[in-house]
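Biologist: I'm new to this one, so could you take me in close on a single part? I'd like to hear how the helices pack against each other, and then whatever else helps me find my way around.

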Amino acid sequence: MQAARHVVCALSGGVDSAVAALLLRRRGYQVTGVFMKNWDLLDESGVCTADKDCEDAYRVCQILDIPFRQVSYVKEYWNDVFSDFLNEYEKGRTPNPDIVCNKHIKFSCFFNYAVNNLGADAVATGHYARTSLEDEEVFQQKHIKRPEGLFRNRFEIRNAVKLLQAADSFKDQTFFLSQVSQDALRRTLFPLGGLTKDFVKKIAAENRLHHVLKKKEVSVLCCKGVESRFCAGPGSISNEALVFQYLQPRPGKFISIEDSEVLGTHKGWFLYTLGQRAKIGGLREPWYVVEKDGTKGDVLVAPRTDHPALYRDLLRTGRVHWIAEEPPAALVRDKMMECHFRFRHQMALGARGLGLSTLGKARALLQGSFSSPSALCADPQSRWHRVGDGCEGCAGSHPGTVCRVLQRGRVPGQWENPAPGAVRLHTAEGQEQSRSGHGGLWRRPQR
């Protein structure tokens, strides 16, 4: 008789990973639960939240009658995730630590520990995602000998594993998995890929997992064990407080892009994401971030969500991480590829097709009409491109991005007579104009 397949399941102390372990147990696999401690600081009440999560994960293993292990990646998390988080902030970019954590911690450190130390046939997590492999195909990967050296890339292309969207489109977490390597994807099971969140909660309630069912859900997965303040969004007070524990404040001004009027002050230009609402005291009208000047410390803002300065139809990215092919065959052949685009988790995929073309070997151009009125020029660290059900890859925005303004609903002559020193978008004739004092270039859209 064949021995039961050994699956090592990452347990966070939450309901999703608990139900994932339960489902694996029901399939007859030999399951081991592993809790990863990635952070060791105390919260405001003097309690290490990772300890409570670890207790909850241990209790899950007791209920399911499976072995429990705990590993610490505090050092690795600091070096590969949190330091990157701070470095990106200093450069004025908005990082996504969850994507980086999955790449370096869950699907590298944990994956290697499970395979090399615990002898796992496969690993599993509670992510809402799927791959193109069935369970048995995943287990077969352990016995497939891969060529070394130059021929390895050819082997990977012929046998590429695709990352697919989850059945629950709202909970789909392929965005967070968009930098996971082929090696890890080949030997990973996602038991929740075909389920909805409500059904997962129902399973937990019916199987004595009430202690994790009652826990408040953390919006960012890799904040398990990390201070809750790290889970806050860009520009929030809690995130600001955390950043200023490690970075020095750099006070500056909020400046209107229309007439260069100083509207207020801030504690650091790097705290703000392009496209987000700028909280400027004393102003009743909402203003939104258009650009950041790291040299002067100024944050340029525009009123209203329909302001033309907030719209783009061209984006240059940094190095692209391709999941299945590098790059896709259609892109190599046609130099352009239709795809969908997302720069934030749970953001609706672009309803209109976007063109993707290469810039050398490492970069790409995203081109298309962005119709959503908010955060159109946001610059989170990672974006990803989807064709059909599969996630193709992701890339961060390039610091030297050049974008064109979409003049949606612009009143003719609106910018004909800007105030002296204004940041000028275009002339009445629509000719290209450099923005005085702030660098960059606005271009008139093609008609």
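Modeller: Sure, and let's set the scene before we zoom in. The protein chain has eleven helices and 20 strands, and keep in mind that this is a predicted model. There are 447 residues in the protein chain, and 55% of them count as buried. The surface that the protein chain exposes comes to about 20,600 Å², with carbon and sulfur atoms supplying 49% of it. Now look at contacts in the protein chain with a separation of 6 or more: residues 24 or more positions apart account for 68% of those.

On to the helix packing. Start with helix α3, residues 74-90, and helix α4, residues 97-117. Their axes are 9 Å apart, and the two helices pack at an angle of about 165°. Anything over 145 degrees counts as roughly antiparallel, so that is what α3 and α4 are to each other. Their crossing is right-handed. If you want to click through the residues that make the contact, α3 brings Glu76, Tyr77, Asp80, Val81, Asp84 and Phe85, while α4 brings Pro97, Val100, Cys101, His104, Ile105 and Cys109. Sort the contact of α3 with α4 by class and you get eight nonpolar residues, one polar and three charged.

Now turn to another pair, helix α1 (residues 15-26) and α8, whose axes come within 10 Å and cross at roughly 70°. An angle from 65 to 115 degrees counts as roughly perpendicular, and therefore α1 is described that way relative to α8. The crossing in which α1 passes α8 is left-handed. On the α1 side, the contact is made by Val15, Asp16, Val19, Leu22 and Leu23; on the α8 side, by Lys197, Val200, Ile203 and Ala204. By class, the contact of α1 with α8 has seven nonpolar residues, two charged and no polar.

While you're in that area of the sequence, have a look at Val31. It sits in strand β2, which covers residues 30-37. Val31 has a relative accessible area of 3%, and since buried means under 20%, Val31 is buried. What does Val31 touch? Leaving out residues up to four places away in sequence, Val31 touches Val7, Cys9, Ala21, Leu24, Arg25, Ile66 and Pro67. There's also Ala4: Val31 and Ala4 are 27 residues apart in sequence, with 9.4 Å between their C-alpha atoms.

Glu137 gives you another pairing to try. Glu137 is found in helix α5, residues 135-140, and is partly exposed, with a relative accessible area of 33%. From Glu137 to Arg186 is 49 residues in sequence, but 8.6 Å in space, C-alpha to C-alpha.

Finally, two loops with something to check in the backbone. Most residues other than glycine have a negative phi. Arg208 is not a glycine, yet its phi is positive, about 60°. Arg208 lies in the loop between α8 (197-206) and α9 (210-213), and is exposed, with a relative accessible area of 56%. Arg304 also has a positive phi, near 70°. You'll find Arg304 in the loop between β12 (298-303) and β13 (314-322). With 31% relative accessibility, Arg304 counts as partly exposed.

Notes:
Residues are numbered from 1 along each chain as its sequence is written. This is a predicted model: local features need pLDDT of at least 70, side-chain atom pairs count only at pLDDT 80 or more; totals for chains, interfaces and linings use all residues. Side-chain values use heavy atoms; hydrogens and water are left out. Helices (H or I, at least four residues) and strands (E, at least two) are DSSP runs, numbered from the N terminus. Buried means under 20% relative accessible area, exposed over 50%, partly exposed in between (1.4 Å probe, protein chains only). Contact means heavy atoms within 4.5 Å. Accessible areas come from the Shrake-Rupley method with a 1.4 Å probe; for residues, only the protein chains shown count as cover. Axes are lines fitted to C-alpha atoms, for helices over the stretch in contact, and angles run from 0 to 180 degrees between N-to-C directions. Angles under 35 degrees count as roughly parallel, over 145 as roughly antiparallel, 65 to 115 as roughly perpendicular and the rest as oblique. A crossing is left-handed if the near helix is turned anticlockwise from the far one by less than a right angle, and right-handed if clockwise. Ala, Val, Leu, Ile, Met, Phe, Trp, Tyr, Cys and Pro count as nonpolar, Asp, Glu, Lys and Arg as charged, and the others, Gly among them, as polar.
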